[in-house]
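Visitor: Please take me through one part of this model at close range. Begin with a hairpin, then work outward to whatever else deserves a look.

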Amino acid sequence: MSATDTPRRDILPIPDVTPAGTTTYDAKDPDTHYPPIVPLRPPAGAPNVLVVLLDDVGFGAASAFGGPVATPTCEQLAAGGLKYTRFHTTAVCSPTRASLLTGRNHHSVGMGNITELATSAPGQTSIIPNTCATLPHVLKLNGYSTAQIGKCHEIPVWETSPMGPFRQWPTGDAGFEYFYGFVGGETNQYYPALYEGTTPIEQPRSPEEGYHFTADMTDKAIKWVRQQKSLMPDKPFFMYYAPGATHAPHQVPREWADKYTGKFDQGFEKVREETFARQKALGVIPQDCALTAWNREIPGWDTVSSEMKPVLARQMEVYAGFLEHTDHHIGLLIDALAELDILNDTLVYVILGDNGASAEGSLQGAFNEMASLQGFGGLETPEFLAAHLDKLGGPEAFNHYAVGWAHAMNAPYQWTKQVASHWGGTRNGTVVHWPNGIKAKGEIRTQFHHVMDVAPTVLAAAGLPEPTLVNGVLQKPIEGVSMAYSFDEPDAAERHETQYFEMFGNRGIYHNGWTAVTKHRTPWASYAKKLPAFDDDCWELYDTNTDWSQSKDLAKELPDKLHELQRQWLIEATKYNALPLDDRSVERLTPELAGRPQLVRGNRQLLFGGMGRLTESSILNLHNKSYSITADCVFPQQAEGVIVALGGLVGGWSVYAKKGLLKYCYNFFGMTQSFVESTKALPDGRHQVRVDFAYDGDGPAKGGTITLFLDDEAVGSGRIEQTQPAIFSADETCDIGTEYGSLVTRDYSQREFTGTVNWVELAIGEDAERAKHYIATEDRLRLAIALQ
């Protein structure tokens, strides 16, 4: 772009224009004149932008909004800016993040649910349409530097392997020039599955050496912004900082949890009441606000046994430490901006949660949330939980707190994460700080807003138009409303007048202060429980102009008003692709039934030495069936290390060598480990080893018999009494020749295999039978390709 150009910014990329004028033959000719090249920049006065999005933080958790957890950084930013007390999300992770990044409703951009539950319905595909360019993409094409640090849960699951495609990754069409973080819904804070750009990398040090992901990602964020301002001081940046905190697993260094020792011994209801009183004192809820009734489906503190009360109290202490630890690291990033003398010219959003507090940890909480999520939480008996109390929050745990704490952290509202009908699932405290753009300091804003309103607000602050064309594609209008009108006008009439909500069939509508809502599914109830027909759901009606917290149901008193809002919900849901409603569970988890692509097809898969960081969706599904695992290796004397492994401390399996013997370990939810060892040493040279699993059948999660083979000779056998039915982990991976992340077992002498793994074949069904014979490598390759 030349110095004389005034770019048209509604068409992106901004078209290149060759300067007009005389073309000379010799550059030394006095008539040779060309304007200097000017780097692309946004309009003068465009601020830096930092969007901080926390995970699973309820409205009543952070001290900035009256909660019991100290969040001094949020309080400091609020004192110099604004608190928004009627700011809303979608009730679940991926949809909120897609709405934030695009400025549109989540169904409008295909993100009707988390990516793992995508279907072929237009509002549920998890594919963000090219007609809905993301905010960072638009900013980058207007001259911003862009970076995403932390969690990314906006990528279709079939595109998350090391081969991509990387279209929807942060550094793809999402518009970020730099990404450091993890892909998926959650990660182990001590052993995260890290990516830099699209390249998988390993953490720089171990938990024993003080590693924690929140600290690591903050270091990366500070390094990036320092470098950006050092090299391009005149170029504003957009940073999306999204910790995994406080999503489960709740993991934090012990000293942070210990700061809260004894502070939750009074129990759920009392903590909730104390929060409610502080919220009124702070003014984040009105004085006439009612505390909604305690949910009768959640056992009260007085019903918790004396044996379990210390366990549940410690769960909350760990969660509180996790949130304060996160606030501390946000503070380090804010301090870095202040040291660079750019904080005042940075529009900062801190959104305290992508949904309400999570009730996915079961009524008693969980030491390993994966067991609870798959219906095996009952195996964690009171005796087990009490015995593991001191490990909560540490590298050996994958813990989540009890539902009662989630309800308390959403005070004063009803319900929790997943429940899009009620404010407990969707209302999140939000702080906005921008001294150079907002005159008001320490004030509260009560206008109704939604997470999709952030994108148009940023564009307005930057002086940028909503684009008409991006990469030649006509864009759908942004559906959010800029919040800028309210920055310095506390009494301004709200402009976001209507908003529908829907998640898992839980649905609601907000229209000019009135809400009609219906809760269809309970988050902590078994997915096997039969759900009512959608038409049989019971609707509630609230006038939030006078009933801030949705505490007084007016449905019976005002049936005509309820019907009017139900009809409005249907209109909005149709308009924004929220239909058809879909409350299926098993079907949505199964790609062929849901209608989404799956990376692996057929009954066998061939992997090669050096491959790794393969998510479970990237490999053959071996759950609830017989299978074989065959590996072609070159063994040294006294071979050691991992040949192939899947999973980690929360569950998985591993084939490995120890002291020259072949071993297999099955880790059942981190609770029991079953081992089978060969009776014969592994000889030097090239050989094939095989693990055959004969499943007992008759339903999911059954056991079976393991047989180990060296070439074609059986060299060991044993029993696995029970197996995990659906998934080992949301973030642990399959690795060949080593094991990344946390370990399936600590029985290894080392992670790295001391020999060479040429290939590994996974096979199920008839192909598992076919695998029970030595097959030359070249024949196996031809067979694998033919069977795809």
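Guide: Start at the hairpin that links β22 to β23 through 2 residues. The model is a predicted one. β22 covers residues 641–648, and its pairing with β23 is antiparallel, over 7 bridges. Within that pairing, Leu646 faces Trp653 of β23.

Now follow β23 onward. β23 and β24 make a hairpin too, with 2 residues between them. In that turn, Lys659 has a positive phi of about 55°. β24 spans residues 661–668 and runs antiparallel to β23, joined to it by 7 bridges. Here Val655 sits opposite Tyr664 of β24.

So how enclosed is β23? The strand runs over residues 651–658, and 7 of its 8 residues are buried, so the rest of the structure largely encloses it.

Leu646 leads to the cores. The largest nonpolar core has 95 residues. Leu50, Met239, Tyr241, Leu312 and Trp405 have the most contacts inside it. Helix α7, residues 309–339, supplies the largest share of this core, with 13 residues. A second, separate core has 49 residues, and Leu646 is one of them. Phe376, Leu607 and Ala701 are also included there.

Take Met239 from the largest core. Leaving out residues up to four places away in sequence, Met239 touches Val49, Leu50, Val51, Ala147, Ile149, Ala221, Trp224, Val225 and Leu333.

α7 also packs against a helix. The axes of α4, residues 213–231, and α7 come within 10 Å and cross at roughly 10°. With angles under 35 degrees counting as roughly parallel, α4 and α7 are therefore roughly parallel to each other. On the α4 side, the contact is made by Thr214, Ala215, Thr218, Ala221, Ile222, Val225 and Arg226. α7 contributes His325, Thr326, His329, Leu332, Leu333, Ala336, Leu337 and Glu339. Ala221, Val225 and Leu333 appear in this contact, and Met239 touches these three residues as well.

Another helix to inspect is α2, residues 93–102. 10 of its 10 residues are buried, so α2 is largely enclosed by the rest of the structure. Polar side chains are part of that set: Ser94, Thr96, Arg97, Ser99 and Thr102 are among the buried residues. Gly103 follows α2, with a positive phi near 75°.

Next, a sheet. 6 strands form an open sheet in the order β20-β30-β21-β26-β27-β28, with antiparallel pairing. β20 (604–608) and β28 (713–720) are the edge strands; each has a single partner, so one side of each lacks a neighbour in the sheet. On average, neighbouring strands here are turned by 15° against each other, direction ignored. Inside the sheet, β26 (residues 685–695) and β27 (residues 704–710) run antiparallel and are joined by 7 bridges. Arg690 has Phe709 of β27 as its bridge partner.

A second open sheet has 3 strands in the order β1-β14-β15, and its pairing is mixed. β1 (11–12) and β15 (473–474) stand at its edges, each with a single partner strand, so one side of each has no neighbour in the sheet. β14, residues 469–470, pairs with β15 in the antiparallel sense over 2 bridges. Leu469 stands opposite Leu474 of β15.

Two buried polar residues round off the tour. Lys417 lies in the loop between α10 (403–409) and α11 (423–426). Its relative accessibility is 4%, and buried means under 20%, so Lys417 counts as buried. The Lys417 side chain makes a polar contact of 3.2 Å with the side chain of Asp56. Beyond four places in sequence, the residues that Lys417 touches include Asp56, Ala91, His247, Asn355, Glu360, Asn410 and Pro523. Lys561 is 144 residues from Lys417 along the chain, and their C-alpha atoms are 27 Å apart.

Thr515 is in strand β18, residues 514–518. Thr515 is buried, with a relative accessible area of 1%. The side chains of Thr515 and Gln550 are joined by a polar contact of 3.3 Å. Among the residues that Thr515 touches beyond four places in sequence are Trp423, Ile509, Tyr510, Glu540, Leu541, Tyr542, Thr544 and Leu565.

Methods: Residues are numbered from 1 along each chain as its sequence is written. This is a predicted model: local features need pLDDT of at least 70, side-chain atom pairs count only at pLDDT 80 or more; totals for chains, interfaces and linings use all residues. Side-chain values use heavy atoms; hydrogens and water are left out. Helices (H or I, at least four residues) and strands (E, at least two) are DSSP runs, numbered from the N terminus. Buried means under 20% relative accessible area, exposed over 50%, partly exposed in between (1.4 Å probe, protein chains only). Contact means heavy atoms within 4.5 Å. A polar contact is a pair of N or O atoms within 3.5 Å; within protein, one must be able to donate a hydrogen and the other to accept it, and residues adjacent in sequence count only if both atoms are side-chain atoms. A nonpolar core is a set of buried Ala, Val, Leu, Ile, Met, Phe, Trp, Tyr and Cys residues joined through side-chain atoms within 4.5 Å. Two strands pair if DSSP finds at least two bridges between them. Axes are lines fitted to C-alpha atoms, for helices over the stretch in contact, and angles run from 0 to 180 degrees between N-to-C directions. Angles under 35 degrees count as roughly parallel, over 145 as roughly antiparallel, 65 to 115 as roughly perpendicular and the rest as oblique.
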